[in-house]
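Dear colleague,

I am handing over the structure we spoke about, with the sequence alongside. Please have both open while you read the notes that follow.

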Amino acid sequence: MADVSLRNISKRFGAVEAVRDLSLTVNDGEFLVLLGPSGAGKTTTLRLITGLESPDAGSVMIGGRDVTHDPPGARDIAFVFQQYSLYPHLSVYDNLAFPLRSPAHRVPEPQIRKRVEQTAELLHIASKLNNRATRLSGGEMQRVAIGRALVRDPSIYLMDEPLSSLDAKLRAELRLELKRIQSELGATILYVTHDQVEAMTMASKIGVIRDGRLLQLGTPREIYENPSSSYVASRLGTPQINLLPARLLSDVAIPPETETVGIRTEHIQIAARNGGQMVGRVHRVEHLGEQNHVHLDYKGETLVTLADPHRPLRAGQEVELHLVRPLCFDRAGQRIDAMV
Ligand code: ATP
C-alpha cells in the first residue's frame, strides 16, 4: 500500500521549531493538500518524508514500514518542486527518460520509450518530445517536471507548490490536469501550498498547518463548513469569513463564553428594513459579473456579503441583516459551538 504516516514528528533548526509534534496520514490514493502560510513548516515536512532532513523526534512510515532512518534513495518517492529543475540542453524526451536511465533503475530502452510516451500522452505534451526543454512555455516545462516524477511510477508523490510560478490561467489549467491525472492513476499525493483555491479544488483532504502544527485535517467541505478555529475559518473562503466581536450581536443566540462570531459571506442575508434588530448600512457594492460583493457598516464593523447583481442596492441605504449560521469562537480563537 502506498500510504505515508508521520508520527509525532518534530524538527528544529536552532531556535526555530519548524515542525512541532506533527502526526498525519496520507492514505493510499489520497490527494492531501497541506495548506499554510510562508514559514509554516510545509517544505520541511516534505523534506522529512523524503529523508533530506531527519527528525529530532517521531517517525516516518511508508507503506506501513518505518523509514525514518532510511536514506532518501530507498524511499520510492518522487518530488516535484516549484522550480522546473529540467536539464535545459536535453530534449523533452530525454528529460522524461532521465530518471529511468539512472544506474539504480536500469530500465531497458524499449520500456523507457513506452513509459515516456505514455507519460507524455497523459500530460498532453506528446508533440513536444523532440523539443529542447528551453523551447517550452512555462506551463509545458512544469508538465515535463511533473512527467519526470510520473515516469518512475513511485508509490508516493510529494509536490511543493509546483504551480506557483505559473500565471493564473495556466495554474487553473494545470490544477484540473493534476487532479485528472491523480484520479486516473489513483496516485497518492501530498501537495503543499499557501493557495486556498488549489487546496479547495484539488484536495481530497486538506491539512491546515501553522507554526509547524497541524491545526485541522478534513475534507475541503468539512474544513470550510466546520472550522476548528477562527484562524482556520479565515484561511478558506473568498471573500474571507466575517469575524465580529460577539458583544455586538446581543440578539443572536450564542454560547455565553463566545468572544468572536464568524459569519461566511453567503450566510448574511440582506432584506428591506422591517423592524428587525440588526440594521446595517450599505457602504460599497462591488460588481463582479454574476455576483456582487456588498460591504456593509454594522456598529462600526465592516461585513461583506453577496448579493444578486440585479438587486438595486446603493451606498448609504439601510438594510436588515439576517445571520444564517454563526460560528462561535472563544477568546483563544477556538471553536465552541457544535464542534468538528
Ligand atoms: P514557504 O511557503 O515560504 O516555503 P514553508 O511552510 O515551506 O514556507 P519551511 O520552509 O518548512 O516553511 O520553514 C519552516 C521554518 O523553518 C521557517 O521559519 C524557516 O525559516 C525554517 N527553516 C527551514 N529550513 C531551515 C534550515 N535549513 N535552517 C534554518 N531554518 C530553516
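Is isoleucine 270 buried, exposed or partly exposed? In this model, which is predicted, isoleucine 270 has 19 other C-beta atoms within 10 Å, and because a residue needs 20 or more to count as buried, isoleucine 270 is classed as partly exposed. The residue belongs to strand β13, which covers residues 268-271, and, once residues up to four places away in sequence are set aside, isoleucine 270 touches Val294, Thr305, Ala307, Val319 and Leu321. Isoleucine 189, by contrast, is 81 residues away from isoleucine 270 in sequence, and the two C-alpha atoms are 42 Å apart in space.

Before going further, here is the overall picture. The protein chain has 340 residues, of which 35% count as buried, and its secondary structure comes to eight helices and 18 strands. Its C-alpha atoms fill a box of roughly 80 × 45 × 35 Å along the principal axes. Among the contacts in the protein chain with a separation of 6 or more, 64% are between residues 24 or more positions apart. As for confidence, the mean pLDDT of the protein chain is 92, with 98% of its residues at 70 or more, while the complex receives from the predictor an ipTM of 0.97 and a pTM of 0.90.

You will probably want to look at the ligand next. The residues that surround the ligand are Phe13, Val16, Ala18, Gly36, Ser38, Gly39, Ala40, Gly41, Lys42, Thr43, Thr44 and His194. Sorted by class, this shell has four nonpolar residues, seven polar ones and one charged one. Two elements, β2 (16-26) and α1 (42-50), each supply at least two residues of the shell, and α1 gives the most, with three residues.

Helix α1 deserves a closer look. Seven of its nine residues are buried, so α1 is largely enclosed by the rest of the structure; the buried residues are Lys42, Thr43, Thr44, Thr45, Leu46, Leu48 and Ile49. After α1 comes glycine 51, whose phi is positive, near 95 degrees, and which lies in the loop that leads from α1 to β4 (57-62). Glycine 51 has 18 C-beta neighbours inside 10 Å and therefore counts as partly exposed. If its neighbours within four places in sequence are left aside, glycine 51 is in contact with Asp70, Pro71, Pro72 and Arg75. Glycine 139 lies 88 residues from glycine 51 along the chain, and their C-alpha atoms are separated by 29 Å.

Next, the strands. One open sheet is formed by three strands in the order β11-β12-β18, with antiparallel pairing. Its edges are β11 (242-245) and β18 (327-329), each of which has a single partner strand, so one side of each is left without a neighbour in the sheet. From one strand to the next, the twist averages 30 degrees. Within this sheet, β11 pairs with β12 (residues 260-263) in the antiparallel sense over four bridges, and leucine 244 stands opposite valine 261 in β12.

Further along the chain there are two hairpins that you can follow residue by residue. In the hairpin of β14 and β15, strand β14 (residues 279-287) runs antiparallel to strand β15 (residues 292-298), and six bridges join the two. Histidine 287 stands opposite asparagine 292 in β15, and of the four residues between the strands, glycine 289 takes a positive phi near 90 degrees. In the hairpin of β15 and β16, strand β15 pairs with β16 (residues 301-307), again in the antiparallel sense, over seven bridges. Here histidine 293 has leucine 306 in β16 as its bridge partner, and with two residues between the strands, lysine 299 takes a positive phi near 45 degrees.

To return to the opening residue, among the contacts of isoleucine 270 are Val294, Thr305 and Ala307; the ranges given for β15 (residues 292-298) and β16 (residues 301-307) will help you to place them in the model.

With best wishes

Note on methods
Residues are numbered from 1 along each chain as its sequence is written. This is a predicted model: local features need pLDDT of at least 70, side-chain atom pairs count only at pLDDT 80 or more; totals for chains, interfaces and linings use all residues. A residue is near a molecule or strand if its C-beta atom, placed from the backbone, lies within 6 Å of it. Ala, Val, Leu, Ile, Met, Phe, Trp, Tyr, Cys and Pro count as nonpolar, Asp, Glu, Lys and Arg as charged, and the others, Gly among them, as polar. A residue is buried if 20 or more other C-beta atoms lie within 10 Å of its own, exposed if 12 or fewer, and partly exposed in between; C-beta atoms are placed from the backbone. pLDDT is the predictor's confidence in each residue, from 0 to 100. Two residues are in contact if their C-beta atoms, placed from the backbone, lie within 7 Å. Two strands pair if DSSP finds at least two bridges between them. Axes are lines fitted to C-alpha atoms, for helices over the stretch in contact, and angles run from 0 to 180 degrees between N-to-C directions.
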